[in-house]
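User: I have a structure open and want to know how some of its descriptions are justified. Can we go through them one by one?

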Amino acid sequence: MELPRPLRAAIDAELSGVPSEALRAASEVLSGRYRAETRDGRLHLSDDLFAKAYVAARMPATFAALSDAMAETASALPDFAPRRLLDVGAGPGTALWAAGERFETLQGATLLEASAPIRALGERLGQGQFGFEPDWRAGTIDRAGADLPAADLVTLSYVLDELAPPARRALVALLWARTQGVLLIVEPGTPAGWARILEARRALIEAGAAIAAPCPHESECPVEAPDWCHFSRRVARSRVHLRTKSAEVPWEDEKFSYVAATRLAAPAAPRAARILAPPDTGSGKVSLKLCEEDGALRRRLLTKRDGESFRRARRADWGETIDLA
């Protein structure tokens, strides 16, 4: 997956003249803070250089994860046509770009972000790109309050790790109250990120939400540690991306976990199973790890004798749904 061309061009213009060595050093600092899930009271994106390093090195991957999660949500809810977006912890507006690509119905967006440098950069990147003027607001995720507007699509991506558990639960409850259609939460595809998604999922189901994706049910998650539920999206690296990360391979795989909770009518039954790992293929056979509608985790082996189900399984990929009935 690649960034939309207008966004790629805007990023290239912003990074023109910034020394690669400076971007690389800032990116390494950011990566260390993100991997360690550092919570020391300082903003990760504390100045303009860190903001530019983020859009060079991390925005493509977060865009890919959000795009994939939105695509699966839209597939589960084909009548979902959001007009307004609310994104909390918006960074440079990644969710807005992903939603704008996915939903032609989008007519407005409110984006809450604490970091002035990344907020300003996000405003510049999106100038004149959406057919409406996004409402950028200064504010921290732990103090998001009653002034946030309701929206059809509410997004919270890669930010729960910045909060202690009580604050996470309060924020999820607040955002659910602002959700008129779908609340989409995305976290890194690590065991810790999955644990935060599970915590949010349980709270949302208790609050009456239906789960649109990735789960085909509202039962307790059948995945047990040391396994964890996550997905992957391949991201094409631009030249500046390669230089910023001191990389040679022209792509990277972004691992992510997510949950899409909805107030809309639950997906119609029967609900297709979700593929939770890369299919294991062999000569005339394919094995799938599936999360199924009854809440069970199963391995299904299909062979040529299974006809059309086998052919569907051969074409299917990790993260997709599949109907084997």
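User: How do you know that the span of α4 agrees with its 18 residues?

Analyst: This is a predicted model, and the comparison uses its C-alpha atoms. At 1.5 Å a residue, α4 should span 26 Å, and its end C-alpha atoms are 26 Å apart, so the two values agree.

User: What makes α4 largely enclosed by the rest of the structure?

Analyst: A residue is buried when its relative accessible area is under 20%. In α4, 15 of the 18 residues are buried, so the helix is largely enclosed.

User: Why is α3 called oblique to α4?

Analyst: Helix α3 (residues 48–57) and helix α4 (residues 59–76) pack at an angle of about 55°, with their axes 4 Å apart. Roughly parallel needs an angle under 35 degrees and roughly perpendicular needs 65 to 115. The angle of about 55° fits neither range, so α3 is oblique to α4.

User: Which residues make that contact?

Analyst: Tyr54, Val55, Ala56 and Ala57 come from α3, while Met59, Pro60 and Thr62 come from α4. Six of the contact residues are nonpolar, one is polar and none is charged.

User: Why is Tyr158 called buried?

Analyst: Its relative accessible area is 13%, and the cut-off for buried is under 20%, so Tyr158 counts as buried. Tyr158 sits in the loop between β4 (151–157) and α7 (165–178).

User: What is the phi of Tyr158?

Analyst: Phi is near 55°, a positive value in a residue other than glycine. Most residues other than glycine have a negative phi.

Note on methods
Residues numbered from 1 in each chain as written. Predicted model: local features only at pLDDT ≥ 70, side-chain atom pairs only at ≥ 80, totals over all residues. Heavy atoms only, no water. Axes fitted to C-alpha atoms, helices over the stretch in contact; angles between N-to-C directions. Helix = DSSP H or I, 4+ residues; strand = E, 2+ residues; numbered from the N terminus. Parallel < 35°, antiparallel > 145°, perpendicular 65-115°, else oblique. Contact = heavy atoms within 4.5 Å. Nonpolar A, V, L, I, M, F, W, Y, C, P; charged D, E, K, R; others polar. Expected span 1.5 Å × (residues − 1). Buried < 20%, exposed > 50% of the residue type's maximum accessible area, 1.4 Å probe, protein only.
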